[in-house]
Amino acid sequence: MLNKIQELKGAIEALQASSMEEIEAARIKYLSKKGEISQLFNDFRNVPNEMKREIGQRLNELKTLATEKINSLKAAFEDNADANAELDLTRTAAPCAIGTRHPLSLVKEEIIAIFSRLGYTIAEGPEVEDDWHVFSSLNFAADHPARDMQDTFFIQRNPDILLRTHTSSVQTRVMEHTQPPIRIICPGRVYRNEAISYRAHCFFHQVEGLYVDKGVTFADLKQTLLYFAREMFGPETKIRLRPSYFPFTEPSAEMDISCDLCGGKGCNFCKHTGWVEILGCGMVDPNVLESCGIDSNVYSGFALGMGIERITNLKYRVKDLRMFSENDVRFLEEFKPVH
C-alpha cells in the first residue's frame, strides 16, 4: 500500500488541467466516493496493526495533498477566466440596487451582541422536538393547556413529536449534557397553533437566556435585565418587574420598560400606563435543574425569554406582524442602511 500511496502522490503533484472539465474529472478520479484515494481508505482495514499508524498518516497527507492541488487548479483557472473576460457593453451604467437585512435579523443580532458582552454564548437546537424537551423536562404538568392541540403543532398526530413552542427546549438540551457554569442565549424560530392576524402568527422568533452557577440570585437577574434594557432602548430606560407564573421558573416575573414615546407619561402605544411589556423571566425551578441532572442544592440559575417580533415592534413601530413574513420589498427597503 505504501508503494501505491507514493505512486498516487507523484501523479497528483504532476497534475495539470486546461479546463474545468479536466479539473472535475481529476476530482472524481481521486476524491470521489469511488475514487482511488477512497479505495485506499477502504483497504486500510486490512493493514496489519503495527503499520496502521504510519499508513494512516500517509493516507491523510495524500488526501490533503489532492484536495489542495485540485482547489489550486480551480482557483488558477477561475482567475484566468476573469482576466480574459470581455467587457460587457450591455451592462447598465446605473449602480446596482443595494439590498438590506431583514428587520428581525437586525434586532436578533443586536440582542445577541448585547448578551455576548455579558459573556453569553449562542446555543441552538432542532425545531422538530419531543415532548420531554419542550414540556416534561420544563415542569409542565400532564394536563397543562399548552399541551393541547389548539396551541401545539404535533407531527403526524404523534403526541410525542411536535414543533417546538419555545426555545426553552434548547436550554434543557444544554443542561442535560453540560455541567454549570452555563451562560447561554438561544435564538430561533418557534411555532404555535394560532390564528394569523395583525397581532399573532403561527410562527415567530424568540431569544431566551439561561444562567446557571453557584450562588445565582434574583438580583443577578434584575441587573442583567436592566443592562439589556438600557443597551437596547437607551440609557434612560427604566424597568419594572411584575409577579407572574411560568411552569419552569419560580419565582417568575414579567418585565416592563418605560415607554420611550411618552417618557412614561402615558400614550396610546403604552395604553396610558407609561409601561410596555417586553419579556418574561424568573429563577429556574429546582425541578427543572434536577430533571436535567443538575444538583439544585448546589446550583441555582435564572432564565429569560423574549419575542424578537415584540422587540422589533418597539424599536421600529411595526403595527402588523404579518409584514415580517410577506417579503414585501417596499417594507424591507425601509430598513436599508443610510450611507
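The largest cavity is lined by L138, S168, Q171, M175, F248, T249, V284, V288 and A303. The model in which this cavity is found is predicted. The volume of the largest cavity is about 50 Å³, and the count of cavities of 30 Å³ or more comes to one. By class, six of the lining residues are nonpolar and three are polar, with no charged residue in the lining. Helix α7, residues 168-177, supplies the largest share of this lining, with three residues.

**Helix α7**

Helix α7 is largely enclosed by the rest of the structure, because seven of its 10 residues are buried. The buried residues are S168, S169, V170, Q171, T172, V174 and M175. Their cover includes the strands β2 (128-130), β5 (182-191), β6 and β10, together with the helices α6 and α9 (286-291).

V174 lies in this helix. Is V174 buried or exposed? With a relative accessible area of 17%, V174 falls under the 20% limit and therefore counts as buried. Apart from neighbours within four places in sequence, V174 is in contact with A123, I182 and I184. As a long-range reference, the C-alpha atoms of V174 and K63 are separated by 35 Å, and the two residues are 111 residues apart along the chain.

**A buried loop residue**

T152 is placed in the loop between α6 (131-134) and β3 (154-155). Its relative accessible area is 1%, so T152 is buried. Which residues does T152 contact, leaving aside its neighbours within four places in sequence? They are F135, A146, L162, L163, T165 and N193.

**Aromatic pairs and charges over rings**

The structure holds nine aromatic pairs. Two of them are set out below.

| Pair | Centre to centre | Angle between planes | Geometry |
|---|---|---|---|
| Y211 and F302 | 5.6 Å | 75° | edge-to-face |
| F324 and F331 | 6.1 Å | 65° | edge-to-face |

The pair of Y211 and F302 links distant parts of the chain: Y211 belongs to strand β6 (residues 203-213) and F302 to strand β10 (residues 300-307), and the two are 91 residues apart. Both Y211 and F302 are buried. In the other tabulated pair, the planes of F324 and F331 are at 65°, which is over the 60 degrees required, so this pair is edge-to-face. F324 and F331 are both buried as well.

Ring pairs also link F135, F140, F246 and F248 into a cluster. Two members of this cluster recur elsewhere in the report: F135 is among the contacts of T152, and F248 is one of the residues that line the largest cavity.

Where does the charged end of R183 sit with respect to Y211? The charged end of R183 sits over the ring of Y211, 4.2 Å from the ring centre. The charged end of R183 also sits over the ring of Y120, at 5.6 Å from the centre of that ring. Y211 thus has a ring partner in F302 and a charged end over its ring from R183.

**Helix and cavity together**

Among the residues lining the largest cavity are S168, Q171 and M175, and these also appear among the buried residues of α7. In general, residues three or four places apart in an α-helix point the same way, because the helix has 3.6 residues a turn. A303, another lining residue, has a number within the range of strand β10 (residues 300-307), and β10 is part of what covers the buried residues of α7.

Notes. Residues numbered from 1 in each chain as written. Predicted model: local features only at pLDDT ≥ 70, side-chain atom pairs only at ≥ 80, totals over all residues. Heavy atoms only, no water. Helix = DSSP H or I, 4+ residues; strand = E, 2+ residues; numbered from the N terminus. Buried < 20%, exposed > 50% of the residue type's maximum accessible area, 1.4 Å probe, protein only. Contact = heavy atoms within 4.5 Å. 1 Å grid on protein atoms, 1.4 Å probe; cavity = no way out; pocket = protein on both sides within 12 Å on 5 of 7 lines; lining within 4 Å. Points joined across faces, edges and corners; volume = space filled by probe spheres on them. Nonpolar A, V, L, I, M, F, W, Y, C, P; charged D, E, K, R; others polar. Phe/Tyr/Trp six-rings, centres within 6.5 Å; stacked < 30°, edge-to-face > 60°. Lys NZ or Arg CZ within 6 Å of the ring centre and 35° of its normal.
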